[in-house]
Amino acid sequence: MIHTAEDPRERQLPGALVGLDLGGSGSRLAVLPSGGGRRRVLDGPRIEVRAGGSSAPQVIREMLSHAMTSWPEETSRLSGVGIGASGLASLVQDPQELAVQLRAELGTPTAIAIDAVTAHLGALGEVGGAVVALGTGAIAISHPGMEAAVDDHAWRRVDGWGHLLGDRGGGAWLGRYGLEAAMRAYDGVDPCGHALLATARHRFGEPESWPAQLYTRHDRAGVLAEFAAEVVAVAVRGDETARDLVRAAGREAAKSGLAALGEDVPAQLVLTGGLVGAGPLLSEAFAEEVAHQRADVLIGEALGDPLEGSLSLARLHARGVLKPQEGYVWS
């Protein structure tokens, strides 16, 4: 699906900027034309994880090709491309080589980064602090700010280890625990999950079929994250087990954010990502945990989303401001 929106900015760069945000729930691309034209936005597929690794390189190329075909005039001259994707550091064989290949293919400065970097840039711009991004997965990341950063190891992350090893508080985490509570109710171990069981039955059918539906899918993290929305809906209706899970997600996000923040980064923390739409149950639990552990930390509002962050990544790289950092940013 393609959208357009008025763009009031970016009149100083000679060419357009392209930003991509790729994740387990879907992907988006934005073209920011030079001279203050209309922003173009393209929706794309979610990343899958197969035996050979992430489908991110394939999705990136497909979306770039689609954008250039759809908007040949706007993309005929580019100043920079910024790409944020989940799993780059762990599920793509050689991110540096991918960045080199894309630069050669596109003929323009190209930077790729883990999705936490673009979430940070979207939420805080060039200012220092920490960001917790809750989408399909969950990751916290901090940076002292572009002006303050002189260290080649300025980015610092916590979590983002995927739905089997971490992503604490993210959509797949919440969906998985919701299904676990449902299965415990089905097994007669704990009846507290009966409301979640009814919801999961409506979505997936009988519990005996769930393993085959989930374990065999390349996009199971995305499927679990979709069920997180059901957990939130059950919580809103007042079910205490679902409410406890949503609150737990907020607390886990706060713990990761504070761990990433440390003591050497400006004491501000922002919660961002699609799961923030879960509402006050999650955000209030997040704020309570932050206040309990560090009363000096200011909780701020996100300036923009990760797609905006990918455009910032492109802009910073085009300006020569952004430093590569192994495991975080490649160019």
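Start with the whole chain in view: of the contacts in the protein chain with a separation of 6 or more, 69% are between residues 24 or more positions apart. What you have open is a predicted model, so please read everything on this tour with that in mind.

**The whole chain**

Switch to a cartoon view. The protein chain has 11 helices and 14 strands. Its radius of gyration is 20 Å, close to the 20 Å that the globule rule gives for 331 residues, so the chain is as compact as a globular protein of that length. Turn the model along its principal axes, and the C-alpha atoms fill a box of roughly 65 × 45 × 35 Å.

Now show the surface. The protein chain exposes about 14300 Å², and carbon and sulfur atoms supply 53% of that area. Of the 331 residues, 54% count as buried. Colouring by charge gives you 29 positive and 41 negative charges to find, and their mean positions are 2 Å apart.

**Stop one: helix H6 and its cover**

Select residues 194–204, which make up helix H6. Which residues of H6 are buried? They are Ala-195, Leu-196, Leu-197, Thr-199, Ala-200 and Phe-204. Show these as sticks, then bring in what lies over them: the cover includes H5, helix H7 (210–215), H8 and helix H9 (240–261). Before leaving the helix, step just past its end to Gly-205, which takes a positive phi of about 90°.

**Stop two: an aromatic cluster**

Stay with Phe-204 and add Trp-210 and Phe-227 to the selection; ring pairs link these three residues into a cluster. The count for the model comes to 3 aromatic pairs. Phe-204 and Trp-210 form one of them, an edge-to-face pair with 6.4 Å centre to centre and 65° between the planes. Both of these residues, Phe-204 and Trp-210, are buried.

Next, look from Phe-204 towards Phe-227. This aromatic pair is tilted, with 5.8 Å centre to centre and 50° between the planes. It links distant parts of the chain: Phe-204 sits in helix H6, while Phe-227 belongs to helix H8 (residues 220–236), 23 residues apart. Phe-227 is buried, as is Phe-204.

**Stop three: two aspartates with positive phi**

For backbone angles, a reminder helps: most residues other than glycine have a negative phi. Select Asp-159, which is not a glycine and yet has a positive phi of about 70°. You will find Asp-159 in strand E11 (residues 156–159). Is Asp-159 buried or exposed? Its relative accessibility is 2%, so Asp-159 counts as buried.

Move along to Asp-167, in the loop between E11 and helix H5 (171–186). Asp-167 is another non-glycine residue with a positive phi, here about 55°. With 8% relative accessibility, Asp-167 counts as buried.

**Last stop: Thr-118**

Finish in helix H4 (residues 115–124), where Thr-118 has its place. The relative accessible area of Thr-118 is 0%, so this residue is buried. What does Thr-118 touch, not counting residues up to four places away in sequence? Select Ile-83, Gly-84, Asp-305, Pro-306, Gly-309, Ser-310 and Leu-313 to see its contacts. With those side chains shown around Thr-118, the tour is complete.

Key: Residues are numbered from 1 along each chain as its sequence is written. This is a predicted model: local features need pLDDT of at least 70, side-chain atom pairs count only at pLDDT 80 or more; totals for chains, interfaces and linings use all residues. Side-chain values use heavy atoms; hydrogens and water are left out. Helices (H or I, at least four residues) and strands (E, at least two) are DSSP runs, numbered from the N terminus. The radius of gyration is taken over C-alpha atoms; the globule rule is 2.2 Å times the number of residues to the power 0.38. Buried means under 20% relative accessible area, exposed over 50%, partly exposed in between (1.4 Å probe, protein chains only). Contact means heavy atoms within 4.5 Å. Accessible areas come from the Shrake-Rupley method with a 1.4 Å probe; for residues, only the protein chains shown count as cover. Lys and Arg count as positive and Asp and Glu as negative; His and the chain ends are not counted. The place of a charge is taken as NZ of Lys, CZ of Arg, CG of Asp or CD of Glu. Rings of Phe, Tyr and Trp (its six-membered ring) pair if their centres lie within 6.5 Å; planes under 30 degrees apart count as stacked, over 60 as edge-to-face and the rest as tilted.
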